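Me: I'm new to this one and would like to understand the words people use for it. Could you take me through it step by step?

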Amino acid sequence: MNFGYREVCLDHDTGPRHPESPDRLRAVRRALKDRHGVEYVAPNDVDMELVHGVHDADYVEEFREFCDDGGGNWDADTVAVEATWDAAVASAGLAVWAAETAMDGVSARDTPFALGRPPGHHAVYDDAMGFCFINNAAVAAQAALEADAERVAIFDWDVHHGNGTQDIFYDREDVFYASIHEDGLYPGTGAIDETGENDADGTNLNVKYQPGADTADYLAAIDEAIGPAIADYDPDLLVVSAGFDAHEHDPISRMRVTTEGYGAMTQRVRTLADDCGADLSFVLEGGYGLDTLSDSVTTVHEVFDGYEPMEPDDGVSEDARDVLDRVAAQGFGSK
Ligand SMILES: [Zn+2]
């Protein structure tokens, strides 16, 4: 894969005990070090006009001034230092680079993956929250739409609901948002009946699973609901909001996706993008076990380098079946 990466993303210092630490990127880079086919690119900062396409300009200015003044606690767990602004505009720039690179036809073994931080999917239109300041995936979608995409789909497999991405596009028909997330976790949004509003009704798909959902349940959500819905939507670009905190050994969730499972999900999204004729890019979100994060990102890379991941042996759990039936009742999916 082509990995977008900037050293300045390490300067967003969240303190000694914060799970969203610079060590996350260091661990991923270490794991990718001797892998075949890994390329790095260091693209420019995001164009602020794109940021203003998805965020309130006053909020963005407030965030910039907050950092200029030395930062601090924006809220209980969203912390910034002076360099956080530079890291955030670099991180958003990486996501834009990945989208634009994909739309330029870079694909297959060279598929772009933005390895930035701070992450983005909790950042709403006019506020930072959940470790996120600028919604990187949303800015990437906006960039694609301002280039020549008519429709963009974002698939968010981070274990948390991407409330920010949903918020930004909830009444917009030009972006389809789909998420699989764990019930009971931060930030509590992402109910199955949140399907978009006005003309955008039907462009927001939430699969809210009970704790304990495993790889088979995640793959079923893609096969039965998210894949068919995105294929119907027929996007020009598919952006994966790729968090790895649904991993069975991630310290902050109770989901049970395996490393191999992230490979199988990668296969699914690659096939889905191919079937839709959509370009494909990845943007890093969460993932807080350094080993599980780096192993999982490496597995995503390996799949694009020719590795064929194993499929799980087990079937869909009863809990997951119930959720997928409720998702289908909203008009999504094949079942
Ligand atoms: Zn997360």
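Reply: Happy to! This is a predicted model. Let's begin with T111, which touches M1, N2, L280, F282 and F304, leaving aside residues up to four places away in sequence. T111 sits in the loop between α4 and β5.

Me: Why is T111 called buried?

Reply: Buried means under 20% relative accessible area. T111 has 2% relative accessibility, so T111 counts as buried.

Me: What makes the pair formed by the side chain of T111 and the backbone oxygen of A108 a polar contact?

Reply: The cut-off for such a pair of N or O atoms is within 3.5 Å. Here a polar atom of the T111 side chain lies 2.7 Å from the backbone oxygen of A108.

Me: And S107, why is that residue called partly exposed?

Reply: Partly exposed is the range between the buried limit, under 20%, and the exposed limit, over 50%. S107 has a relative accessible area of 44%, so S107 is partly exposed. S107 is also in the loop between α4 and β5. Its C-alpha is 8.5 Å from that of M1, although the two residues are 106 apart in sequence.

Me: Why are α4 and α5 called oblique to each other?

Reply: Angles under 35 degrees count as roughly parallel, and 65 to 115 as roughly perpendicular. α4 and helix α5 (residues 136-146) pack at about 40 degrees, with their axes 8 Å apart. That angle falls in neither range, and the two helices are therefore oblique. Their crossing is right-handed. Among the residues making the contact are A88, S91 and A92 of α4 and V139, A140 and A143 of α5.

Me: How do you know that β6 and β9 pair?

Reply: Pairing needs at least two bridges. Five bridges join β6 (residues 152-156) to β9 (residues 237-242), so the two strands pair, and they run parallel. One bridge links D156 to its partner S241 in β9.

Me: Which order do the strands of the open sheet follow?

Reply: The eight strands run β2-β1-β5-β10-β9-β6-β7-β8, with parallel pairing.

Me: What makes β2 and β8 edge strands?

Reply: Each of them, β2 (39-41) and β8 (204-209), pairs on one side only. Neighbouring strands in this sheet are turned by 20 degrees against each other on average, direction ignored.

Me: Which strands does helix α4 touch where it packs on the sheet?

Reply: Helix α4 (residues 84-103) touches β1, β2, β5, β9 and β10. Its direction makes about 170 degrees with that of β5, and over 145 counts as roughly antiparallel.

Conventions: Residues numbered from 1 in each chain as written. Predicted model: local features only at pLDDT ≥ 70, side-chain atom pairs only at ≥ 80, totals over all residues. Heavy atoms only, no water. Helix = DSSP H or I, 4+ residues; strand = E, 2+ residues; numbered from the N terminus. Axes fitted to C-alpha atoms, helices over the stretch in contact; angles between N-to-C directions. Contact = heavy atoms within 4.5 Å. Buried < 20%, exposed > 50% of the residue type's maximum accessible area, 1.4 Å probe, protein only. Polar contact = N/O pair within 3.5 Å; in protein donor to acceptor, adjacent residues only side chain to side chain. Left-handed = near helix turned anticlockwise from the far one by under 90°.
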